[in-house]
Amino acid sequence: MKYIGLILLAVFAVIIVLLLIAVLRTLLMPSKTSTYVADEPEEEALALAEKLSKMIQYDTTSYANVAEVEKFLGFHKVLEELFPLVHEKLEKTEIDGNLLFYWKGKNSEKPILLMSHQDVVPAEGEWVHAPFSGDIAEGKVWGRGASDTKCSVMAFFQAVEELLSEGFVPPTDVYLASSCTEEWGGDGAPKIVAELQRRGIELFLVCDEGGAIITEPIGGIHGNFAMVGVFEKGKADVKFTARSNGGHASAPSKGTPIARLSAFVNEVETHSPFRKKLLPEVSAMFTELAPYAGFGMKLVFGNVWLFGPVLKAVMPAISAQAGAMLKTTIAFTVQKGSDAYNVLPQEAYVGANMRFIPHQGEKESLEIIKKVADKYGLETEVLHANDYTPPVDIHGEAFHLVEQTIADTFPGLPSSPYVMTGATDAQFYQPICKNCIRFAPVVYGPEQMKGMHGLNENIEYNCLPGAVRFYKNLIRAEK
């Protein structure tokens, strides 16, 4: 007992020492404030808002597995009217409504590609401003696609338009790409990639949507921050089916299909089978954000080496987005049982959307969820699946180029690595580019985040000039 007491005392002493080291490190860490706000000349911002408005007014809603090439060819005419020099000076390739432009540079050693999609999701419900009005009011441009993502399409086309008007020749080859199937993960981007592969192109950098300038990216971290997406999680649509002999609802047996499905869903929701882990990119994010937090958060964020287990426990409580950076997630989204209230179903199912994290990728995550489903006698059918994308090297040349461009364009704006929990077209470019970065240089506050895929989508137009400057600076930068 004496030795056990000494061991416990030694352990306690070590813990106290480690805590003192963490506190000292935190006290010595300079406090910082994000000072960047989009404050641009009204005339310039309004001129860009007008261009974005015209793009929004043209309805480019896309639907899964529905080819509407003529619709997008019509949108291309709008782009040609708004950006005539781009269409006159650059080599244009149109592939079933998808766009690829080539701008020859002084050399072809480290080509870059700027991209964002043309298509938008359906606009349902009652809107304050009609979804395809493109209204400019209250300092915002309103409508479906305003923030997701015609704003960035407009910005990089405008950047090239302005540079062309100056007679500028880029230091390296530049490509502009825009698919019309991004919102449903269609074959638009793969067709563009296939064309680039046919030409033998290996890209140095792809800059797509995904991350952005986010207002208060984590609760308690105030101000605007450039959250630079360095990889995205994989995804799958999975169907879980329960079967029985059916029967009349007046004499139900135990273990009916819906009961088994409910027990399965409840277990997964209350006891996640997936392992949490702080990835290096997530740890780097907390390290970057730590100086901007109050003392308590700074202590935890700035000392991940000690408080990693605490972060893993509390991150899901901070936000669902933060929690999704730690593990594979599963969201149950579809369900069906009997067609009548008094009939036990012979077949019932639930559908789920899964997002795979690197430390438990597609294969392992699907095996884990199938084992849980097997406990309840459920059949597991994978309708679609793709794995996570390899992370960009956050210490590498391409990432530092984007960080430096952000610093040059937006004084006072901190930047941080960021994990994309959603999906973008950038995933398809991995075979021809090791540096697929997800960053749209526009400001998304809570209202803009809520409006994407929801009601009353909008973008504050005072951030548009900065977005154009970012793309101009990225094109001008020596690679």
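Helices and strands here are DSSP runs, numbered from the N terminus, with at least four residues for a helix and at least two for a strand. The model on screen is predicted.

**Stop 1: D96**

Select D96, in the loop that joins β1 (91-95) to β2 (98-103). D96 is not a glycine, yet its phi is positive, at about 55°. Is D96 buried, partly exposed or exposed? Its relative accessible area is 40%. Partly exposed covers the range between under 20%, which is buried, and over 50%, which is exposed, so D96 is partly exposed.

**Stop 2: N65**

Go next to N65, in the loop between α2 (42-57) and α3 (69-82). N65 also has a positive phi without being a glycine, here about 60°. Its relative accessibility is 69%. The cut-off for exposed is over 50%, so N65 counts as exposed.

**Stop 3: D148 and T149**

Select D148 and T149 together and look at the peptide bond that runs from D148 to T149. This bond is cis, with omega near -10°. T149 belongs to the loop between β5 (140-142) and α5 (150-165). Keep D148 selected for the next stop.

**Stop 4: the largest pocket**

What volume does the largest pocket have? It holds about 760 Å³ of space. Its lining is made of 33 residues, and the ones closest to the centre are D148, E183, G422, A423 and H453. D148 therefore appears twice on this tour: at the cis bond to T149 and among the residues closest to the centre of this pocket.

Now colour the elements that give two or more residues to this lining: β7 (205-215), β15 (415-420) and β16 (436-444). Which of them gives the largest share? That is β7, with five residues. Sorted by class, the lining has 13 nonpolar residues, 13 polar residues and seven charged residues.

**Stop 5: the second largest pocket**

Move on to the second largest pocket, with a volume of about 350 Å³. How many residues line the second largest pocket? There are 13, and those nearest its centre are A320, Q321, A324, T329 and T421.

Select residues 320-324 to show helix α11, which gives the most to this lining, with four residues. By class, the lining of the second largest pocket has four nonpolar, six polar and three charged residues.

Technical notes:
Residues are numbered from 1 along each chain as its sequence is written. This is a predicted model: local features need pLDDT of at least 70, side-chain atom pairs count only at pLDDT 80 or more; totals for chains, interfaces and linings use all residues. Side-chain values use heavy atoms; hydrogens and water are left out. Buried means under 20% relative accessible area, exposed over 50%, partly exposed in between (1.4 Å probe, protein chains only). On a 1 Å grid over the protein atoms alone, a cavity is a set of points where a 1.4 Å probe fits but cannot get out, and a pocket is an open set with protein on both sides within 12 Å along at least five of seven lines; lining residues have an atom within 4 Å of a point. Grid points are joined across faces, edges and corners, and a volume is the space filled by probe spheres set on the points. Ala, Val, Leu, Ile, Met, Phe, Trp, Tyr, Cys and Pro count as nonpolar, Asp, Glu, Lys and Arg as charged, and the others, Gly among them, as polar.
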